[in-house]
Amino acid sequence: MLNFFDKSKKESETAEEKKGFFQKIKEGLLKTRENLTSKIDSIVTIGRKIDEELLEELEEILILADIGISTTSKIIEGIRQKAKERKIYDASQIKELLAEEVYEILQKDVEPFTLTSPMVILVVGVNGVGKTTTIGKLAYLYKKEGKKVMLAAGDTFRAAAIDQLEIWAERVNCPIIKHQEGSDPASVIFDGIQASKARGIDILICDTAGRLHNKKNLMEELRKIRKVIDREYPEARVETFLVLDATTGQNALQQAKIFKEVSDITGIVLTKLDGTAKGGIVVAIKSELNVPIRYIGIGEGIEDLQAFDAKSFVSAIFQ
């Protein structure tokens with residue numbers, strides 16, 4: 001069993017680096033932590049035992065934290081089984097059992113995300129979730145790791161999307177391929193691929209339109225883009241990141257379900273986690289879709305998009 005309350009530093013990073021990284025996540029998840037832990041602490045009174053009444057109260061807290069009914073039921077059943085198997089009766093240990101259950105959900109079937117070259121990342125998501133900003137921050141992250149990055153402005157539906165992406169390209173000092181508003185998105189990606197090959201680019205990050213009101217058009221557009229990538233860049237590894245706004249809660253989960261229907265989503269980026277007290281949506285999305293959470297946004301700064309680490313996330317909420 002992982003000890004989420006152990007403050008010892010076992011990782012290879014220096015204590016200072018680890019502290020800075022963890023502190024950022026802890027501060028970013030402050031609202032979620034205060035919401036969850038204060039409510040859990042209120043039901044864990046001295047001398048209370050783990051019984052059905054306590055589990056029902058915990059169930060209500062988790063549902064209100066946007067973990068969702070089905071995921072909450074799974075967690076409660078897991079706690080019930082673990083408490084029985086380990087003969088744990090004291091309610092004061094409920095938080096540790098809960099942390100363990102959440103960690104197991106977040107870690108299930110997740111392979112570590114590593115950068116390879118060449119690589120194409122398609123970024124999808126509805127307008128307003130922070131898609132363009134996420135692309136810029138990803139470019140910044142990857143450049144810090146020594147990768148040559150290029151952007152492709154594939155959201156040709158909105159002129160503002162092209163302009164915003166161009167601003168980010170200038171900010172992080174990386175090249176951008178763009179066409180005029182209304183151009184064929186697949187042709188932008190085609191040009192991005194050719195330019196990437198010619199310039200020895202490691203990672204091509206492609207923006208896409210986020211029109212959910214016409215699912216058929218979106219599906220056709222994404223399918224066409226993917227066909228171009230597979231034909232023109234077969235040697236490239238392709239990832240599709242879905243950007244979701246954590247503050248929209250269950251609505252974000254519904255968006256994720258729709259996008260998963262129309263595209264092969266390989267990772268989730270959750271933005272604005274610092275702006276919500278219901279960060280439990282992270283757990284709900286991973287549990288219901290079994291798509292790995294790759295990055296979380298915990299602030300507005302360029303370095304506030306962090307690679308998601310399940311243990312750090314769980315520790316930051318329950319410690």
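Which residue in strand 7 does Ile268 stand opposite? In this predicted model, the residue is Ile293. I shall use that pair as the entry to the sheet, then turn to the helices, and close with a pocket.

Let me begin with the sheet as a whole. It is open and consists of 8 strands, in the order 3-2-4-1-5-6-7-8, with mixed pairing. At its edges stand strand 3, residues 176–177, and strand 8, residues 305–307. Each of these has a single partner strand, so one side of each is left without a neighbour in the sheet. As a general reminder, the strands of a sheet pair through backbone hydrogen bonds, in either a parallel or an antiparallel sense.

I come now to strands 5, 6 and 7. Strand 5, residues 237–245, pairs with strand 6, residues 267–271, in the parallel sense, and 5 bridges join them. Within this pairing, Leu244 has Leu270 of strand 6 as its bridge partner. Strand 6 also pairs with strand 7, again in the parallel sense, over 3 bridges. As for strand 7, residues 293–297, 5 of its 5 residues are buried, which means that the strand is largely enclosed by the rest of the structure.

Next, the helices. Helix 10, residues 250–262, lies across strand 1 and strand 5, and runs at about 150 degrees to strand 5. Helix 11, residues 281–289, is mostly covered, with 8 of its 9 residues buried. Which residues of helix 11 are buried? They are Ile281, Val282, Val283, Ala284, Ile285, Lys286, Ser287 and Leu289. I would draw your attention to Lys286, a lysine that is among those buried residues. Just after helix 11 comes Asn290, which takes a positive phi of about 50 degrees.

Finally, the pocket. The second largest pocket in the model holds about 180 Å³ of space. It is lined by 13 residues, and those closest to its centre are Thr133, Lys137, Thr271, Lys272 and Gly299. Which element supplies the largest share of this lining? That element is helix 6, residues 131–144, which contributes 3 residues. By character, the lining of the second largest pocket comprises 3 nonpolar, 6 polar and 4 charged residues.

To return to the opening pair, Ile268 and Ile293 stand opposite one another, and strand 7 is the partner of strand 6 in a parallel pairing. Thank you for your attention.

Notes. Residues numbered from 1 in each chain as written. Predicted model: local features only at pLDDT ≥ 70, side-chain atom pairs only at ≥ 80, totals over all residues. Heavy atoms only, no water. 1 Å grid on protein atoms, 1.4 Å probe; cavity = no way out; pocket = protein on both sides within 12 Å on 5 of 7 lines; lining within 4 Å. Points joined across faces, edges and corners; volume = space filled by probe spheres on them. Helix = DSSP H or I, 4+ residues; strand = E, 2+ residues; numbered from the N terminus. Nonpolar A, V, L, I, M, F, W, Y, C, P; charged D, E, K, R; others polar. Pairing = 2+ DSSP bridges. Contact = heavy atoms within 4.5 Å. Axes fitted to C-alpha atoms, helices over the stretch in contact; angles between N-to-C directions. Buried < 20%, exposed > 50% of the residue type's maximum accessible area, 1.4 Å probe, protein only.
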